[in-house]
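Hi,

Here is the structure I promised to pass on. Have a look at it first, and then read my notes underneath.

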Amino acid sequence: MITEEPFKLQAYTKTELALLYSPHSESATALQNLYRWMRRNEALMTELSAIGYNKHRHSFLKQEVGVIIKYLGEP
């Protein structure tokens with residue numbers, strides 16, 4: 001029997017988090033999907049900007065992950 005681990009709120013690389021949301025996709029596709037969902041959610045992007053989100057950073061900080069799951073739900 002396979003049991004899923006509960007989602008852990010922590011820092012993730014962008015690819016890691018994207019793959020949690022799209023586990024059956026290739027990493028590049030999963031990342032594109034996550035970015036698309038984020039861009040389409042204006043409230044999410046506004047809140048990320050307010051806490052200093054840097055789109056060029058390799059990882060999402062724990063606080064940023066918290067904001068993402070607030071709007072997109074847990075993966």
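Below is what I found, starting with one helix and moving on to the aromatic rings.

Keep in mind that this is a predicted model: local features need pLDDT of at least 70, side-chain atom pairs count only at pLDDT 80 or more, and totals for chains, interfaces and linings use all residues. Residues are numbered from 1 along each chain as its sequence is written, and side-chain values use heavy atoms, with hydrogens and water left out.

Let's begin with helix α2, residues 27-40 (helices are DSSP runs of H or I with at least four residues, strands are E runs of at least two, numbered from the N terminus). Its buried residues are Ala30, Leu31, Asn33, Leu34 and Met38 (buried is under 20% relative accessible area, exposed over 50%, partly exposed in between, with a 1.4 Å probe and protein chains only). They cover an arc of only 160° around the axis, so they sit on the same side of α2 (the arc is taken from the directions from the helix axis to the C-beta atoms). Arg39 and Arg40 are exposed, on the face turned away from that buried side.

Now the rings: there are three aromatic pairs (centres within 6.5 Å; planes under 30 degrees apart are stacked, over 60 edge-to-face, the rest tilted). Tyr21 and Trp37 have ring centres 6.2 Å apart and planes at 75°, so this pair is edge-to-face. Tyr21 belongs to helix α1 and Trp37 to helix α2, so the pair ties together parts 16 residues apart in sequence. Tyr53 and Phe60 are stacked, because their centres are 6.0 Å apart and their planes at 20°. Phe60 is buried, at 0% relative accessible area.

Cheers
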